[in-house]
Each structure stands twice: as C-alpha cells, then as structure tokens.
Amino acid sequence: MRQGHWKKIYVGSAGNLVEWFDWFVYASFATYFAGAFFPEGNETAKLMNTAGIFAVGFFMRPVGGWLLGRVADRKGRKTALTLTVTLMSASALLIAVAPTYAVAGYGGAAVLLVARLLQGLSVGGEYAASATYLTEASAPGRRGLASSFQYVSMTAGQILGLGILLVLQSTMSEAALHGWGWRIPFIVGALGAAVVFYLRRTMLETEVYEQRDGAQEAAQGAAAENGTIRALLAHKREAFLVVALTMGGTVAYYTYTTYLTKYLSNSAGLSKQTATLVSFCALIVFACLQPLAGALSDRIGRRPLLITFAVGSTFLTVPIMTLLKHAGSFWPALGLSLLALVVITGYTSVNACVKAELFPTGVRALGVALPYAVANALFGGTAEYVALWFKRSGAESGYYWYVAGCAAVSLVVYLTMRETRDIDLVAVGKGRAVEPEPRPVPVPVPAPAPVPAQSPAQPSVQPPVQSPAGGSAS
C-alpha cells in the first residue's frame, strides 16, 4: 500500500481503539462497580442489572447508526468520525464521576444509564464510519487487509482495558478496586478520546468519497438522497443481508470477548485475576490473526472465511463452552479460548469490508450502520444478558445452543450470498450492477456505396480544345 493509505488506516484505527476501549471497559470492570450503583444482594442479580444497562447501550446503536451514518454519507467520513469520538469522551467522563448508590441512591445508576446511551450513539456511528473509511482508504486489492484493522483496533482497545485491569488488580486491594479504582480506566478513556479528537480533525477524507460524480448525482436528484432512509430502502436486499450475516458473528464475538471473563470467574470458578489474564493473552493472539486472515481474503475471497467461521461456531460452540466450564486452571482455559477466537476470526477479519462492499458511496455508511446496529441490538447487546438469564434459570447450557443456532442461521446466508472481493467501490450503484453483466456488442452494418451524382450548379467538364500549335486553350 502507498504511504498515504497507511496513514489513513493508522488515524482511523487509533480513534477506533479509544472508542472501543471505552465501550469494553464497562464490561471488563462491571464486576467491580456493580455493587456501587445497586443495593446489596445476589451477585448474579447485580451483574444482570449492569448487563441490562450494557444492553441498553446497544439499543441506542441503531439511532447512532442512523444519525451518524447520515452525517458520514452527507458531510464525509472525517466529520462523522470526529463527532463519534467527542460523544465517547463525554460518556467516559460521566461514568468516571457518577455518584454511587450510597451517595445518590439510584441517581448514580441514572447517570450510568445516560452515559451508556451516549456510548451507544457513538459506537453506533463509529463502527460504520470506520468500516467505511478503512475500506475506502485502502489500495485496490487490499481492502480485506486494511479493513481487518478495525477489529485489530477494537481488540487492542479491549486488551488495553484488560491490561489496566491487571495492573490495578496487582497494585490495589480488592476493597479499593470496588470502592474507587474502577473509575481510573474511564478517566484514561476520556483523556485518550481528547487526543484522538485532535488526530481526527487533521485526518484526510477518502478518495472514493471525494470522487463522487457530483454533476451526475445532482442531475439524478441523488445528492439530496445521500444518507437517507429512502436511499437505503432502494437497497433492501443488501440491508437484510447485513443483519443476517451479522447475527451469528456478533453473538459469538461478544460471548468470547466481553462475556468470557465473567463466565470464567462466575461459572468456571477461576479467580477474577486468572480469568482476566486468560482473556488478555487470548485477545493478543486474536488481534494478531486479523491482518493475516484479512490478507488471505484478498486472495481467496470473503465467503470461504465466513463459511469456515459459521461451520466451526455451529458445531464447536457447545463442546468448547462445556469444556471451558470445567477448565479449572489457566492453560486449559487459554487453549479453549484461543480455539474459539481462531474460529471467530473468519468473521471478524472480513465483516467490515463485506458490508461496505455491498452499498454505493452515497449510502454506504448508513447501509452498514443501521442494519448492523439493529443486529447488534437484537443479538450482540443481549448476549451477556441472555447468558446470565440461562445461568440464573439453572439451564446455562441452553445458552451454548443459542450461540450455535445463531451461527447456523448465518451459515445459510454465507452459503447463498455472492462474493464481494472484486467489487468496484466507485461503480457500485452508478448505472452498473454489483457484478456487471456483459453488454451486447452492436454488430456494425456496412453503409451502402455512395452513388456519384453531378451537382446542377457545376458545369460539365469539356475536353480541351486543341490550338493550332498543338497546345491546350487556357
């Protein structure tokens, strides 16, 4: 890739890292601040309360996807990405200063809820804007590699959060962590977002977005339709495809990332520190796998990786989760977690570019944002809550089958969808189908031979009159 492409990818990924650090820190530290906002009671019940607020953030993601996706399609990817990180900084700061139940009763939980709603707005737009930006900013033939950095940065944000958690666990007492230590990562997130705000104000817009044919769009009335629901409805099939192909991937992803630490400590019986270390090590390997799988998709296509994920998740989820519950120590838990994350890599490494490749430039960000946010609200955001509900009902294994069933639905979609690797991002929606059909070549018809005709105004040519000297008359 050219240096300019890598610069765009770096800036887009850096902001994505901070966004998802703030988003995942909530889940990583939930076991420590659950008691700060809710009265004493059953440990699982308190986790369900915080998981419920976690899920509420997901239900704001469709709103954020619509609002910020519209901004990205009408004002540019850069504008939308700058706005998302501003919202995330504000939400992290709110959580950092939220009063506890002992100070303000349920007022603290209300502040937590508002902050989570702002996070939902921010991430709802961040995912689509960054997926679109990274896909459009990449060199031709390298979109899978470039867009894979979205999950590299997402995972790096979670690794950073877990790393801070490990440091705090080793340097602070359990009481201090429950009392005030959990606020530290949210302060870090707010400061990091301020730095990224500066970076994104100086970032470059993508060439694909700038190369839109403004004259043609104005003539067709398309410029006014950019980023609108009406424009998205012209691509209903693609929007439904985004929901369906996201379903299995998002449930599996949140199961083995945000929920894994709580599952290992709350169900498998590992200490909180050991469970955190397992997730930390597994996610480092997971992040390193993303560019390798993304580059592979540029060579063999997106569908083979998606199908591999869906088959593996459908048939391996139940045995992996069952064995994890009885892992008992660090190494078995790490091995099983790595196996699950290797399977999920088939989805995470390519899903951003696959979705962006389905839509034309004028509705690409909204086309990715809204359907994806709906799928996450229904499946990803509720994954942790559903898992805890099964556990509380005494049928925890039912959740394993739920994850496998969602993957099976997505498998059907992957088997029937078209390949998107070779799609021209500029040509999508501009008079050509996603996969252009050959146009009939007109057969040239020979013109009839011209018939010579004399012009009536032109005098006839007479033979020269010979002079007596044998010359011609002038």
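Helix α22, which covers residues 397-416 of this predicted model, has 20 residues and reaches 30 Å from its first C-alpha to its last, close to the 28 Å expected at 1.5 Å a residue. The buried residues of α22 are Y399, Y400, V403, A404, C406, A407, S410, L411, V413 and Y414. Seen down the axis of α22, these buried residues fall within an arc of 170°, so they line one face of the helix. On the other side of α22 lie W401, V412 and T416, which are exposed. The partners against which the buried residues of α22 pack are α15 (236-256), α16 (260-266), α18 (303-325), α19 (330-348) and α21 (364-392).

**The protein as a whole**

The setting for α22 is a protein with 22 helices and 0 strands. Of its 474 residues, 56% count as buried, and among the contacts with a separation of 6 or more, 86% are accounted for by residues 24 or more positions apart. The accessible surface of the protein comes to about 19800 Å², and 67% of this area belongs to carbon and sulfur atoms.

**Helix α4 and a nonpolar surface patch**

On the surface, V63, W66, L67, I229 and L233 form a nonpolar patch with about 410 Å² of accessible area together. The elements that give two or more residues to this patch are α4 (61-75) and α14 (229-233), and α4 gives the most, with 3 residues. One of the patch residues, W66, is found in helix α4; at 35% relative accessibility, W66 counts as partly exposed, because that value lies between the limits of 20% and 50%.

Helix α4 itself has 15 residues and reaches 20 Å from its first C-alpha to its last, close to the 21 Å expected at 1.5 Å a residue. Besides giving residues to the surface patch, α4 has the buried residues R61, P62, G64, G65, L68, G69, V71, A72 and D73. After α4 comes G76, whose phi is positive, near 115°.

**Salt bridges**

The structure holds 11 salt bridges, and three of them are set out here with their N to O distances.

| Pair | N to O distance |
|---|---|
| R200 and E126 | 2.9 Å |
| E136 and R364 | 2.7 Å |
| R421 and D422 | 3.5 Å |

In the salt bridge between R200 and E126, the closest N and O atoms are 2.9 Å apart. R200 lies in helix α11 (residues 184-201) and E126 in helix α7 (residues 107-137), so the pair ties together parts that are 74 residues apart in sequence. Both R200 and E126 are buried.

The side chains of E136 and R364 also meet in a salt bridge, at 2.7 Å from N to O. E136 lies in helix α7 and R364 in helix α21, so this pair ties together parts that are 228 residues apart in sequence. E136 counts as buried at 5% relative accessibility, and R364 counts as buried at 0%. Helix α21, where R364 is found, is also among the elements against which the buried residues of α22 pack.

The salt bridge between R421 and D422 joins side chains at 3.5 Å from N to O. Here R421 is partly exposed, with a relative accessible area of 24%, whereas D422 counts as exposed at 65% relative accessibility. Salt bridges that share partners join D73, R77, E136 and R364 into one network. Of these residues, D73 is one of the buried residues of α4, and E136 and R364 are the pair described above that links α7 with α21.

**L296 in helix α17**

L296 is found in helix α17 (residues 272-300) and is partly exposed, with a relative accessible area of 39%. Leaving aside its neighbours within four places in sequence, L296 is in contact with G301 and L305. The C-alpha atoms of L296 and R142, which are 154 residues apart along the chain, are separated by 9.9 Å.

Notes
Residues numbered from 1 in each chain as written. Predicted model: local features only at pLDDT ≥ 70, side-chain atom pairs only at ≥ 80, totals over all residues. Heavy atoms only, no water. Helix = DSSP H or I, 4+ residues; strand = E, 2+ residues; numbered from the N terminus. Expected span 1.5 Å × (residues − 1). Buried < 20%, exposed > 50% of the residue type's maximum accessible area, 1.4 Å probe, protein only. Arc of directions from axis to C-beta. Contact = heavy atoms within 4.5 Å. Patch = residues over 30% accessible without salt bridge, like charges linked within 9 Å, V, L, I, M, F, W, Y side chains within 5 Å. Areas by Shrake-Rupley, 256 points an atom, 1.4 Å probe, with all protein chains shown as cover. Salt bridge = Lys/Arg side-chain N within 4 Å of Asp/Glu carboxyl O.
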